[in-house]
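Let's take a friendly tour of the charged side-chain pairs in this structure. Have the sequence and the 3D view ready as you read.

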Amino acid sequence: MTTATRIYVARLAGLPVFDPNGDQGGRVRDAVARLRNGNQAPRVVGLVAEMPLRRRIFLPIGRVTAIEPDSVVLSTGTLNLRRFEKRPGELLVLEELLDRRVTIVEDDRPATVVDVAMEADRTGEWILTRIALREVTSRLTRRGHLQQLEWGEISGLIGAADQQGAANLLAVLDNMRPADLANVLQDLSNSRRVEVATALDDERLADVLEELPEHDQVEIIGALNPERAADVLEEMDPDDAADLLAELPKPDQEVLLDLMQPEEADPVRRLLDYLPGTAGSVMTSEPIVLTPDATVAEALARIREPQLSPAVAAQVFVARPPMATPTGRFLGTVHFQRLLREPPAEMLGGVVVNDIDPLEPDTPLAEITRRLATYNLVSIAVVDEKDRLVGAVTVDDVLDHLLPRDWRDRDPAGTTGG
């Protein structure tokens with residue numbers, strides 16, 4: 001294997017995996033080690049890679065020909081695509097060892113695992129040898145000493161974790177997209193999933209919750225104290241917050257809504273009032289809304305905002321003041337392609353298009369889908385009986401509700417281990 005003889009596993013996380021032809025086949029998510037008798041260091045048997053469509057597969061270590069700083073290269077493009085599942089006697093290095101509280105055998109000092117090195121022996125097998133530890137101190141203002149020890153010099157590496165924590169695992173996962181991090185959380189044990197999720201900051205946790213199945217959302221939000229749960233809901237898009245709250249008992253809904261800031265809770269309350277399967281229940285209540293005297297330049301500046309999803313940023317809705325939903329009278333829409341063709345100083349009132357009838361809040365999902373497909377739209381306005389804009393249904397909103405309820409769940413069919 002043309003690679004370094006010692007590799008720290010946390011540095012592998014997120015690396016792309018390439019076949020011999022240079023085609024990418026996924027990204028590394030963890031390493032799999034097999035436990036051995038006594039206190040012998042475990043032997044690394046493979047890597048876990050995240051493939052498209054949220055499938056984690058097992059890559060035998062013998063198929064890995066090179067581990068570079070920016071990639072992992074395989075000897076073959078033919079892979080077993082069955083979903084990975086850990087077998088008895090196996091260990092997921094990052095998931096189970098990072099942040100684990102252990103004891104240094106020599107003097108019984110407590111420490112926390114911050115990384116694990118795998119090292120090639122004379123036969124070419126990879127062994128978990130060196131463990132990077134940070135000593136636990138009683139002083140809040142002082143970080144413990146960082147050191148490396150052999151596997152056999154540490155106790156507590158195997159077995160139930162005691163106060164495992166999440167800081168180092170979160171550092172490894174920091175650059176993941178919310179959907180990818182949601183996938184990782186689903187593969188953790190229930191207790192570890194909650195532990196890692198609740199260690200995220202409010203904004204990051206809100207993004208990840210939006211990518212999780214409803215039962216995982218409920219489990220995590222239920223593990224938070226009510227004040228923090230309300231803070232996280234405030235960071236979510238109102239439609240996603242409403243979908244989550246709809247899974248909770250009515251009394252719990254009211255407690256959390258009362259703890260939210262009124263300006264954040266009000267749109268969520270309105271969404272909860274609509275019947276399921278209607279435009280009102282699936283729409284976003286915060287599309288981009290501008291007045292007719294706003295300029296093309298102002299509209300382009302708004303759609304450039306990085307926090308907007310592509311579907312929301314694809315068009316600007318034009319209405320009379322006020323601009324927060326429900327707005328004044330709805331006038332029409334300007335697609336971003338039209339904005340790119342017009343002079344920056346042009347006012348939106350001169351380029352607005354209103355040749356497609358908006359939806360009503362009680363429009364059923366089947367009609368919404370037909371309308372989007374007929375006119376090749378990525379979103380469509382929703383107006384009330386007074387012609388006020390109350391929201392917009394985007395194509396991703398529709399997909400979320402057309403797919404089976406469990407579409408975000410990991411595929412349980414077909415498994416393979418090390």
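## Salt bridges

A search across the whole structure turns up 23 salt bridges. Keep in mind that this is a predicted model. Three of the pairs are set out here, with the distance between nitrogen and oxygen.

| Basic residue | Acidic residue | N to O distance |
|---|---|---|
| Arg 43 | Glu 125 | 3.9 Å |
| Arg 192 | Asp 99 | 3.9 Å |
| Arg 269 | Asp 258 | 2.9 Å |

Let's start with the salt bridge between Arg 43 and Glu 125. This pair links distant parts of the chain, 82 residues apart: Arg 43 belongs to strand β4 (residues 43-51), while Glu 125 sits in the loop between β11 (109-120) and β12 (126-135). Arg 43 is partly exposed at 24% relative accessibility, and Glu 125 is partly exposed at 34%.

Where do Arg 192 and Asp 99, which form a salt bridge, lie in the chain? Arg 192 is in helix α4 (residues 190-199) and Asp 99 in the loop between α1 (93-97) and β10 (101-104), so this pair, too, links distant parts of the chain, 93 residues apart. Both partners are buried: Arg 192 has a relative accessibility of 4%, and Asp 99 has 3%.

Next comes the salt bridge of Arg 269 with Asp 258. Because Arg 269 lies in helix α10 (residues 262-272) and Asp 258 in helix α9 (residues 250-259), the pair ties together parts eleven residues apart in sequence. Arg 269 is partly exposed at 27% relative accessibility, whereas Asp 258 is exposed, with a relative accessible area of 57%. Elsewhere, salt bridges with shared partners join Arg 29, Glu 50 and Asp 180 into one network.

Definitions and conventions
Residues numbered from 1 in each chain as written. Predicted model: local features only at pLDDT ≥ 70, side-chain atom pairs only at ≥ 80, totals over all residues. Heavy atoms only, no water. Salt bridge = Lys/Arg side-chain N within 4 Å of Asp/Glu carboxyl O. Helix = DSSP H or I, 4+ residues; strand = E, 2+ residues; numbered from the N terminus. Buried < 20%, exposed > 50% of the residue type's maximum accessible area, 1.4 Å probe, protein only.
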